[in-house]
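Biologist: I would like to go through this model with you, one point at a time. Please look at it first.

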Amino acid sequence: MHLTSYEVEEVKKVFEICSGNKRVAPISNIETMLFALGFKDVNPHDIARSLEKIGMSASLNLEQEITLDEFIHFASFFIRQRDSNEEIAKLFEIFDEEGEGAISFKTLKKMSLEVGLNMRDDILHEMITEADKDNDGVLSISEFRDVINRNNNYF
């Protein structure tokens with residue numbers, strides 16, 4: 001994934017601070033560096049998976065180091081996820097036109113008709129039921145995000 005020039009500069013500044021302006025930073029600083037980029041409460045599994053994606057050991061070995069280029073590549077996975085969540089939130093707002101923080105059957109039916117999909121009511125109810133983890137009869141933004149992430153590789 002390509003980052004914008006602004007995002008690259010942001011990542012570079014964080015790297016420079018955490019590396020003490022050296023060419024490498026200790027891998028033990030990775031969580032601090034992510035925090036400085038605005039990523040709080042990052043799942044350690046996500047860190048390990050992203051390290052593996054750039055060809056590094058998933059263990060946070062205190063002696064292991066990361067270069068600026070590796071860190072830019074590493075950080076891009078988290079930045080892409082952040083951007084994806086923002087896009088999904090915008091899409092959710094379109095569906096949640098009443099601003100209730102949920103997508104109801106009524107709203108889903110209306111939207112399907114607006115886009116030319118004359119879907120049967122039982123199919124729409126089934127869609128909601130399948131994604132409705134808390135069984136309240138509507139889709140919250142987190143349930144909607146799960147559906148999009150599970151079924152759509154475009155975000």
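Biologist: With which side chain does the side chain of Lys109 make a polar contact?

Modeller: This is a predicted model. Lys109 lies in helix 5, residues 105-114, and its neighbours beyond four places in sequence are Asn118, Met119, Asp121 and Leu124. Within that group, the side-chain partner in a polar contact, at 2.9 Å, is Asp121.

Biologist: Which backbone oxygen does the side chain of Lys109 reach?

Modeller: Met119 is one of the residues that Lys109 touches. The lysine side chain comes to 3.0 Å from a backbone oxygen, that of Met119.

Biologist: Is Lys109 buried or exposed?

Modeller: The cut-off for buried is under 20% relative accessible area. Lys109 has 18%, so Lys109 counts as buried.

Biologist: Which helix gives the most to the largest nonpolar core?

Modeller: That core has 25 residues. Helix 1 (5-19), helix 2 (30-36), helix 3 (44-53) and helix 4 (68-95) each supply at least two of its residues. The top contributor, with seven residues, is helix 4.

Biologist: Which residues does Met33 touch, not counting those up to four places away in sequence?

Modeller: Met33 is among the residues with the most contacts inside the largest core, along with Ile66, Phe71 and Phe74. Two of these, Ile66 and Phe71, are touched by Met33 itself. The full list is Val14, Phe15, Cys18, Ala25, Ile66 and Phe71.

Biologist: How many residues are in the second, separate core?

Modeller: Nonpolar side chains tend to be buried together in soluble globular proteins. Here a separate core includes Ile88, Met111, Ile128 and Leu139. Its residue count is 12.

How values were computed
Residues numbered from 1 in each chain as written. Predicted model: local features only at pLDDT ≥ 70, side-chain atom pairs only at ≥ 80, totals over all residues. Heavy atoms only, no water. Core = buried A, V, L, I, M, F, W, Y, C linked by side-chain atoms within 4.5 Å. Buried < 20%, exposed > 50% of the residue type's maximum accessible area, 1.4 Å probe, protein only. Helix = DSSP H or I, 4+ residues; strand = E, 2+ residues; numbered from the N terminus. Contact = heavy atoms within 4.5 Å. Polar contact = N/O pair within 3.5 Å; in protein donor to acceptor, adjacent residues only side chain to side chain.
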